[in-house]
Amino acid sequence: MWSCTLSESFALVPCPQLETIHLSYFVIKPDTEFIYVSLSMDTPSPFSPPFPLPNTSSKFQSLNLQRYLEQPEAQQHQLQPQQAAVEQVNDESLHGSSIKNPESGVGSNHVFVNHSATAYHVTFNQDYGCFAIGTDRGFGVYNCVPFGESFCRNFENIGGIGIIEMLFRSNILAFVGHGDHPQYPRNKVMIWDDQQSRCIHELCFRSEVRRIRLRKDCLVVVLEHKIFVYNFSNLELLFQIETTTNPKGLCEVSQTADQLVLVCPGLQKGQVWVKHNASKSTKSIVAHDSVLACFALTREGNLLATASTKGTLIRIFNTLEGTLLQEVRRGLDRAEIYSLSFSPTAQWLAVSSDKGTVHVFSLKVNLGNRSTDKSNCSSNSRVPVAASSSFSFIRGALPKYFSSEWSVAQFRLPGVSQYIVTFGNENNTLTILGWDGSFFRCKFDPASGKEMTQLEYHNFLEPEEPCN
C-alpha cells in the first residue's frame with residue numbers, strides 16, 4: 001500500500017489546559033478518497049476550566065485542523081470493500097487488534113459478529129459516497145459503490161451512539177450518545193479521531209443535542225430551540241440562532257459553496273430561515289401552513305426543497321430570493337416524510353416516506369438553468385407533460401390535485417422501517433438506507449414512469465463474516 005507521509009511539528013494556539021498539542025502526520029492515500037490527520041495531545045488537566053463558549057463547556061483543548069481543512073477535495077476514488085479507511089502510522093492494522101480507548105475500551109473488531117445490532121441513526125456523508133451508522137454498541141462507516149464496510153468500532157462497555165456525522169471521507173467524525181446505555185451523554189457532541197481511536201474534543205450543552213452538521217470550515221450543533229455554529233479550525237463560536245421547537249433537529253448546510261448557506265426552522269410554524277453567511281443576510285420563507293417535517297438543500301445551497309407534516313406536497317424554493325419555483329405532489333394521504341434529496345444537477349428530487357415508497361420527481365429548475373426567466377416558473381409551465389395528471393385539460397374546474405405534478409418513478413420498500421435516500425454516481429440511480437440495515441441500490445427510467453429496477457441489496461447490520 002502506497003502512502004505519502006509528511007512529518008510536521010508545529011505549535012497550535014497555547015492553552016493552559018494542555019502542556020503540548022501538535023500535528024504529527026498528514027497522510028493521503030491515492031487509491032481512496034479517505035485521508036487522515038494524526039494529532040497528539042497530552043491528557044487534559046482535571047482542574048481545567050470550562051471551555052469559554054455560551055452554553056457550552058469542554059474539557060479538551062480546541063483542535064486546530066486548519067491544515068487538513070484547507071486541502072482540496074480528493075478525487076472520486078472509491079474505497080474497496082473491507083479496506084481500512086485509516087491506517088496506523090506504524091502500519092499496524094486497525095482491524096487486526098482491539099485498540100483501547102483511553103476513556104473507555106473500544107474494539108476495532110467487527111461490531112456485529114454474533115448478533116444483530118440496533119441502528120439508532122443512519123446518515124450519508126457530504127458527497128453521498130459513504131454512510132455512517134450509530135448503533136447500540138458503537139458505530140460503523142460503509143462505502144456505497146462498491147458496497148462494503150470501511151471500518152467499525154465496538155465500545156467494550158456496549159455504549160450506544162445515536163446522532164453521527166462524517167467529515168467527508170476522513171477519520172474525523174462527530175457523534176452523540178443514545179439508547180438505554182449511551183456511550184456519552186446526550187447533551188455532548190464528541191469529536192472522534194479514528195486514527196487515534198478516541199475522542200479528541202467535546203462540546204457540552206445545557207439540553208439534548210438533536211442533530212450535527214459538518215462542513216470543512218464549520219461545525220453546526222442543533223438543539224431543540226437553538227443552533228450553534230462553530231469555526232471548525234479552532235471551535236470558536238461564530239453565531240447562534242434561536243428557532244421554534246425543533247425536536248427533529250432540522251438543519252441543512254451547503255457543502256460546495258465557498259460561503260456557508262444554512263437553512264433552519266424559523267420562529268413560526270411552517271417558516272424557514274435561510275442564512276447566507278457571505279452577505280450576512282437571512283431570508284425568511286413561509287414554506288407551509290403546517291409544521292415543517294423535512295427539508296433538503298442542494299450542495300451549492302441555491303435550491304431548497306421542503307415538506308410539512310401533512311406530507312402531500314413538496315415545494316422547491318430559490319434560497320437567494322425566497323421565491324417558490326415548483327410544487328410537486330407525493331400523494332393524497334398524509335405521510336411522514338423521512339428524507340428529501342436533490343440529484344447533483346438538481347434535475348431530479350427523491351422523496352422517502354412512511355408509506356414505504358420512494359418517489360422521484362422531475363424538476364424544472366436544474367443548476368444549469370438558474371437564470372431562467374421568471375415566466376418559466378408559472379403554474380402552467382411548471383407542470384411537465386410526462387408527470388402531470390391526465391385531467392390537466394380541465395385544470396381549474398377540478399380540485400388542485402388533479403393538475404398536480406406527480407412522480408416519474410417509484411420504488412416499493414419492504415417492511416415498515418424508516419428509510420433515507422440519495423442519488424448515486426451513475427445516472428438515474430438511487431441509494432436507499434433503512435434503519436433495519438437495508439441497503440438498496442436501484443435504477444429508474446423517467447421516460448417510462450414505471451417502477452424502479454433493483455440493482456442490489458445488502459443488510460449492513462448482519463454482515464456474513466467479521467473483519468479480520
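Me: How many bridges join S18 to strand S19?
Reply: This is a predicted model. Strand S19 covers residues 271–276, and S18 and S19 run antiparallel. One facing pair puts valine 261 opposite histidine 276 in S19. The number of bridges joining S18 to S19 is 5.

Me: Which residue in the turn of the S18 and S19 hairpin has a positive phi?
Reply: S18 and S19 form a hairpin, with 5 residues between them. In that turn, a phi of about 75° belongs to glycine 270.

Me: Which strand is joined to S18 by 2 bridges?
Reply: The two strands run antiparallel. Glutamate 252 stands opposite valine 263 in S18. Valine 253 has leucine 262 in S18 as its bridge partner. The strand spans residues 252–253 and is S17.

Me: Which strands stand at the edges of the open sheet S17-S18-S19-S20?
Reply: The sheet has 4 strands with antiparallel pairing, in the order S17-S18-S19-S20. An edge strand here has a single partner strand, so one side of it is left without a neighbour in the sheet. That describes S17 and strand S20 (281–286).

Me: Why is strand S18 largely enclosed by the rest of the structure, and how many of its residues are buried?
Reply: Buried means under 20% relative accessible area. Strand S18 runs over residues 261–265. It is largely enclosed because the buried count is 5 of the 5 residues.

Me: How many residues of strand S8 are buried?
Reply: Strand S8 covers residues 148–155. It is largely enclosed by the rest of the structure. The buried count is 8 of the 8 residues.

Me: What is the bridge partner of glycine 140 in S8?
Reply: Strand S7 (residues 138–143) pairs with S8 in the antiparallel sense, over 6 bridges. The two form a hairpin with 4 residues between them. Across this pairing, the partner of glycine 140 is cysteine 152.

Me: How many disulfides does the structure hold?
Reply: A disulfide needs two cysteine sulfur atoms within 2.5 Å. For cysteine 130, the closest cysteine sulfur is in cysteine 144, at 6.3 Å, which is too far for a bond. Over the structure, the number of disulfides is 0.

Me: Is cysteine 130 buried or exposed?
Reply: The relative accessibility of cysteine 130 is 0%. Cysteine 442 also has 0% and counts as buried. With buried set at under 20%, cysteine 130 is buried.

Me: Where is isoleucine 163, and is it buried or exposed?
Reply: Isoleucine 163 lies in strand S9 (residues 161–166). Its relative accessible area is 13%. The cut-off for buried is under 20%, so isoleucine 163 is buried.

Me: What is the C-alpha to C-alpha distance between isoleucine 163 and valine 122?
Reply: Leaving aside neighbours within four places in sequence, isoleucine 163 is in contact with residues including His121, Phe175, Val209 and Ile212. Valine 122 is 41 residues away from isoleucine 163 in sequence. In space, C-alpha to C-alpha, the two are apart by 8.1 Å.

Me: Which strand gives the largest share of the largest nonpolar core?
Reply: This core has 21 residues, and those with the most contacts inside it are Val189, Phe205, Val209 and Leu219. Elements giving two or more residues include strand S11 (188–193), strand S12 (198–204) and strand S14 (218–222). The largest share is 3 residues, from S10.

Me: How many residues are in the other core, the one with Ala305 and Ile337?
Reply: This core lies apart from the largest one. Phe361 and Leu363 are also among its members. Its residue count is 18.

Me: What is the average twist in the sheet S25-S26-S27-S28?
Reply: This open sheet has 4 strands with antiparallel pairing. Its edge strands are S25 (337–342) and S28 (409–412), each pairing on one side only. From one strand to the next, the twist averages 15°.

Me: Which residue in S28 does histidine 359 stand opposite?
Reply: Strand S27 covers residues 357–362. S27 and S28 pair in the antiparallel sense over 4 bridges. Opposite histidine 359 stands glutamine 410.

Me: What percentage of the residues in the protein chain is buried?
Reply: The chain has 1 helix and 32 strands. It exposes about 19,800 Å², with 49% supplied by carbon and sulfur atoms. Of its 468 residues, the buried portion is 58%.

Methods:
Residues numbered from 1 in each chain as written. Predicted model: local features only at pLDDT ≥ 70, side-chain atom pairs only at ≥ 80, totals over all residues. Heavy atoms only, no water. Buried < 20%, exposed > 50% of the residue type's maximum accessible area, 1.4 Å probe, protein only. Areas by Shrake-Rupley, 256 points an atom, 1.4 Å probe, with all protein chains shown as cover. Pairing = 2+ DSSP bridges. Contact = heavy atoms within 4.5 Å. Axes fitted to C-alpha atoms, helices over the stretch in contact; angles between N-to-C directions. Core = buried A, V, L, I, M, F, W, Y, C linked by side-chain atoms within 4.5 Å.
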